[in-house]
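Grab a pencil and have a look at the model below. Then try the exercises before you peek at the solutions.

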Amino acid sequence: MIKSNYPNDFFISKVHFGGYASPSGPGTDFTTPFGSAIGSAAGVTGFPSGSINRTYFPSLSSGGHAMSRSNWNTAVSQILGESSPVNIAIQSSIDMSTMTLTANVEVYYTGAQTVSSNRLNVAVVQNNVEGPQTGGSQFNAAQILPNGNYNHQHMLRHMLTGQWGDIISNISPGTTYSNSYTWNIPNQITGYPLSPVVDP
């Protein structure tokens, strides 16, 4: 598994949209207002699809930057072999009395780029979401719960920076961008409860 091979360099956000994401009863709607637009921008033509670093790999995809699971390892190896012109740090906390999530983000540029601006996306994901999953027992049987449901991990729930993120216009080496984002955590999203825990 890619995550276990690169635990400190590979981060997952699973986006639910399309026909396979149709609700199967109360508390099983795992779609978000952001999912369909993300899938369209990635050029998703089938499921499951994955996008690695939102990068287009001409030999691995079919027009967009989404690709089938058989190509994910190859794409990850290519990306991890590249040098990064930017360092990003984030520190999050939750005020349990007000159910407010605060995410402080700092972006420091260390190298030049071929583009004139960047976009920063800050996403909230949820682990241990119980629900249906087509093909779950075939492709990831370890996540099947005793009751037969699937235990979803890294599920996209919200994007603090909106659909396409915040624009960073000054990306010259040596510059720093910082911002603080807040979100009033709801009790549930489309019928499924949220359990606010911030990973260290």
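Here come four exercises, each with a worked solution.

A quick note before you start: this is a predicted model, where local features need pLDDT of at least 70 and side-chain atom pairs count only at pLDDT 80 or more, while totals for chains, interfaces and linings use all residues. Residues are numbered from 1 along each chain as its sequence is written, and side-chain values use heavy atoms, with hydrogens and water left out.

**Exercise 1: a helix with two faces**

Find the buried residues of helix H2 (residues 35-42) and say why they line one face of the helix.

*Solution.* Step one: get the terms straight. Helices (H or I, at least four residues) and strands (E, at least two) are DSSP runs, numbered from the N terminus. Buried means under 20% relative accessible area, exposed over 50%, and partly exposed in between (1.4 Å probe, protein chains only).

Step two: pick out the buried residues of H2, which are Gly35, Ile38, Gly39 and Ala42. Looking down the axis of H2, you see them fall within an arc of 95° (taken from the directions from the helix axis to the C-beta atoms), so they line one face. The general rule helps here: an α-helix has 3.6 residues a turn, so residues three or four places apart point the same way.

Step three: check both sides. The buried residues of H2 pack against strand E2 (66-67) and strand E9 (155-159), with contact meaning heavy atoms within 4.5 Å. On the face turned away from the buried side sit the exposed residues Ser36 and Ser40. Just after H2, glycine 43 has a positive phi of about 75°.

**Exercise 2: two residues in one loop**

Are histidine 16 and serine 22 buried or partly exposed?

*Solution.* Start with the location: histidine 16 is in the loop between helix H1 (2-5) and H2, and serine 22 is in the loop between H1 and H2 too. Now compare with the cut-offs. Histidine 16 has 16% relative accessibility, so it counts as buried. Serine 22 comes out at 46%, so it is partly exposed.

Finally, look at the partners. Leaving out residues up to four places away in sequence, histidine 16 touches Ala21, Phe30, Thr31, Thr32, Gln133, His152 and Met155. The side chain of serine 22 reaches the backbone oxygen of glycine 19 at 3.0 Å.

**Exercise 3: the sheet**

In what order do the 3 strands of the open sheet come?

*Solution.* The order is E3-E4-E11, with antiparallel pairing. Two strands pair if DSSP finds at least two bridges between them. Strand E3 (86-95) and E11 are the edge strands, each pairing on one side only. Between E3 and E4 there are 10 bridges. For one spot to look at, try serine 92, which stands opposite alanine 103 in E4.

**Exercise 4: the largest core**

Which strand gives the largest share of the largest nonpolar core?

*Solution.* First, the term: a nonpolar core is a set of buried Ala, Val, Leu, Ile, Met, Phe, Trp, Tyr and Cys residues joined through side-chain atoms within 4.5 Å. The largest one has 18 residues, and Val107, Leu120, Leu160, Ile168, Tyr181 and Trp183 touch the most other members. Strand E4 (100-109) and strand E11 (176-184) each supply at least two of its residues. The winner is E4, with 5 residues.

Now zoom in on leucine 160. Setting aside its neighbours within four places in sequence, leucine 160 is in contact with Leu101, Ala103, Val122, Val124, Tyr181, Thr182 and Trp183. Apart from the largest core lies another, of 9 residues, including Ile2 and Met67.

Note on methods:
A polar contact is a pair of N or O atoms within 3.5 Å; within protein, one must be able to donate a hydrogen and the other to accept it, and residues adjacent in sequence count only if both atoms are side-chain atoms.
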